[in-house]
Structure formats: structure tokens, C-alpha cells
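Me: Could you walk me through this structure, one question at a time?

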Amino acid sequence: MRLPSKARRAFFWIGTACAVVSITTLFAAPNVRQTYASKAVLTQIVQVDPAGESLFGDGATPIGSPQLMIIDDPKAVVPAKGTSDVCQVDDGYLKKNNIYPLQLKTVDFFVHWANMISVVGLIFGLILSVQFRKKS
Amino acid sequence: MNRNLLSIPVAILSASLVSQSFASGKVFDIDNQKLAYRNIASIESVADFETFTGKTNSVSGSISFDPATKKGSGKIIIDPSTIDTGIPLRNEHMKSSGWLDTQKYPQIVFETIKVQPLRGDDYRVTGNFTLHGVTKKITTTVRLRYRAQGQATKLAGFSGDVVQLSTKFEISLNDYGIKIPAMSAGKVAKEVTVSLSTYAIAK
């Protein structure tokens with residue numbers, strides 16, 4: 001069964017659009033990732049307890065393990081006391097201000113899936129546009 | 001001279017009384033009221049999508065500890081219905097019957113069976129860990145630090161001798177009857193890290 005020329009043209013343009021969007025995504029994804037990676041800092045969320053420092057020298061209790069995070073609000077950062085490279089962030093401040101820090105691994109997860117979908121989209125788009133271009 | 005001679009038996013007697021009070025051990029209660037914010041129990045999941053930590057300050061129980069002999073025992077109870085993951089919808093999911101089922105299983109419990117002193121403030125502790133109605137024996141390293149009542153404890157807001165306990169161990173959710181739905185694969189890890197940091201006071 002041969003499709004009407006209008007439909008074939010529509011499939012051609014859908015395929016082309018799909019391929020263009022996929023190529024754009026494939027080129028943009030690493031830059032998006034790089035933008036977030038440049039802001040990400042190894043961060044340890046802590047519960048601050050200055051009074052507790054007099055007992056055992058612990059002014060802050062770690063919550064979870066250090067993660068690469070993007071912290072946009074500098075007020076959340078607890079001033080560093082040692083030479084550690086890990087940035088401490090106050091859990092109380094985050095909760096109070098409804099801040100849920102973005103993790104670089106979440107960005108990586110989306111970038112990975114965006115790349116996968118784009119590769120599939122590019123192949124699908126190219127097949128569609130080539131197929132309907134040939135027959136038109 | 002006579003006074004000095006008299007002071008020797010007094011010193012021996014008081015030293016013996018002190019050592020006796022240590023030898024008998026003390027019971028330290030976890031303060032889950034005024035200073036509850038200092039007690040932190042958390043569960044960390046490291047998955048592909050993100051690492052998230054569920055945290056609660058609802059920790060109760062007591063620790064029996066003898067600083068002289070370094071012997072002790074304890075039972076710690078965590079209220080899983082108060083675990084906060086930072087996302088309200090996820091909190092609700094965690095409490096639901098598919099996950100922790102907090103209505104049916106309102107407590108996470110760790111009770112010691114055996115305590116062996118290691119180095120310094122560290123101890124190898126074997127105990128029963130109960131989660132989601134399933135009890136399993138686990139062995140972990142616990143750090144238990146002791147401070148006798150004094151200026152430092154007063155400054156920190158405690159009225160009595162204080163112990164601070166911290167530990168961390170890994171568990172498999174599957175071992176405790178918690179199955180991760182296919183939809184949540186990649187978002188929640190099968191193995192999670194349970195951490196505890198709590199203060200207890202002897203009154």
C-alpha cells in the first residue's frame with residue numbers, strides 16, 4: 001500500500017526534525033553536563049551542633065556520605081574548620097529553606113538517558129527521512 | 001603529720017568507692033525530648049539516579065556502660081514513621097506497606113548480644129537488628145565515648161555523665177523482606193547504610 005504524498009512528506013519532515021533534535025541534544029548534552037560539573041563540589045551534609053563541640057570536639061554530625069552536589073545558596077555552607085576538601089552544608093538550613101541540592105550523578109543520569117534516546121531518535125529519524133525522501 | 005597519715009586511708013577509701021561505682025556500671029538513657037535533635041539515625045541509599053539519606057531524630061532506648069571495665073549493653077529504638085528523606089512524597093512511599101510499612105512495624109530496634117572492646121573508644125558489637133518485622137544478627141564497630149559530668153557536659157547542655165554512641169553498618173533490604181519494585185530500580189539501592197549517632201545521659 002502506497003501512502004499519499006502528503007503523508008509521505010509529513011513522515012519525511014518528522015524524520016528530519018527527529019534527527020535534528022537528536023543531533024542537537026547529542027551536541028548539547030556534554031555542555032550541559034560540563035556546566036553543572038563546574039559548579040559541583042564534594043559536599044557533606046551535616047547537622048550542626050556547636051554546643052556538642054565542647055564534649056568530643058564534634059561540632060557537626062555527618063548525615064550520609066559526601067556527594068558531588070550543586071549548592072546554589074552560599075548561606076547553607078558551614079564555615080570550614082580544618083583543611084578538608086569536603087564542603088560542609090547545614091542540613092537544618094536546607095530543610096528550613098526547602099532546598100534539595102541537585103547531585104551531579106542525577107545530572108549524569110539524565111545526560112546518559114538523553115544521549116541514549118538521542119541515538120535512537122537519530123537512527124529512527126534518519127531511516128524515516130531517507131525512506132520517504134527516496135520514494136517521494 | 002597525723003593529718004597526713006589520716007588522709008591516706010581516706011584517699012584509698014574514696015578511690016575504692018569511685019572504682020566500685022564504675023565497676024557496677026551505669027545506665028545511660030537516650031534523651032528523646034529536650035536534646036533529641038542531637039540523636040540522628042539515618043538510612044543512606046546509593047543508587048544510579050541519586051544518593052539519598054532518610055534521617056530521623058526519633059531515637060530512644062538506653063545503654064548500660066561501665067567505663068572502667070569497658071563492658072556494656074544496650075537497646076536502641078528508632079521510629080521509622082518519622083524518617084525524612086527531603087521529599088514529602090518519598091517519605092510517604094517509605095512509610096507505605098510496600099516499603100517500611102510503619103503502621104505494621106512501628107519500630108526499628110537494635111539490641112546488643114555481645115560487646116568486645118577493641119582499641120580506644122571502639123567496640124565490636126554483635127546484636128539483633130529488627131527492621132520490617134525481621135530480626136537478623138549483625139556485627140558492627142561501635143564508637144562509644146564517655147564524659148563524666150563536668151564543665152564540658154554542662155556547656156553541651158547535659159546534666160549528668162554522658163556517652164556518645166556512633167555506628168554504621170550495611171544491610172540488604174531484601175534480607176528484611178523489603179522488595180524494590182521494578183519502577184524504583186535505579187532510584188533506591190538494594191543495599192543501604194544504616195548510621196546512628198546518639199547521646200545518652202546517666203542521671
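Me: How many helices and strands are there in chain B?
Reply: Happy to help! This is a predicted model, in which local features need pLDDT of at least 70, side-chain atom pairs count only at pLDDT 80 or more, and totals for chains, interfaces and linings use all residues. Residues are numbered from 1 along each chain as its sequence is written, while chains are lettered from A and ligands numbered from 1 in the order in which they are written. Helices (H or I, at least four residues) and strands (E, at least two) are DSSP runs numbered from the N terminus, and chain B has 3 helices and 10 strands.

Me: Which side chains of strand 1 of chain B are buried?
Reply: A residue is buried if 20 or more other C-beta atoms, placed from the backbone, lie within 10 Å of its own. Side chains alternate along this strand, residues 26–30, and B:V27 and B:D29 point to the face that is not buried. Pointing to the other face, and buried, are B:K26, B:F28 and B:I30.

Me: Which residue of strand 10 of chain B stands opposite B:D29?
Reply: Strands pair if DSSP finds at least two bridges between them. Strand 1 of chain B pairs with strand 4 in the antiparallel sense over 4 bridges, and there B:D29 faces B:S62. Strand 1 also runs antiparallel to strand 10, joined by 2 bridges, and in strand 10 the residue opposite B:D29 is B:I201.

Me: Which strand gives the largest share of the largest nonpolar core?
Reply: A nonpolar core is a set of buried Ala, Val, Leu, Ile, Met, Phe, Trp, Tyr and Cys residues joined through C-beta atoms within 7 Å. The largest one has 35 residues, and B:F28 and B:I63 are among those that touch the most other members. With 6 residues, the largest share of this core comes from strand 10 of chain B.

Me: How many residues does each chain bring to the contact between chain B and chain A?
Reply: Two residues are in contact if their C-beta atoms, placed from the backbone, lie within 7 Å. Chain A brings 17 residues and chain B brings 22.

Me: How far apart are the end C-alpha atoms of helix 1 of chain A?
Reply: The expected span is 1.5 Å times one less than the number of residues. Helix 1 of chain A has 35 residues, so it should span 51 Å, and this agrees with its end C-alpha atoms, which are 51 Å apart.

Conventions. A residue is buried if 20 or more other C-beta atoms lie within 10 Å of its own, exposed if 12 or fewer, and partly exposed in between; C-beta atoms are placed from the backbone.
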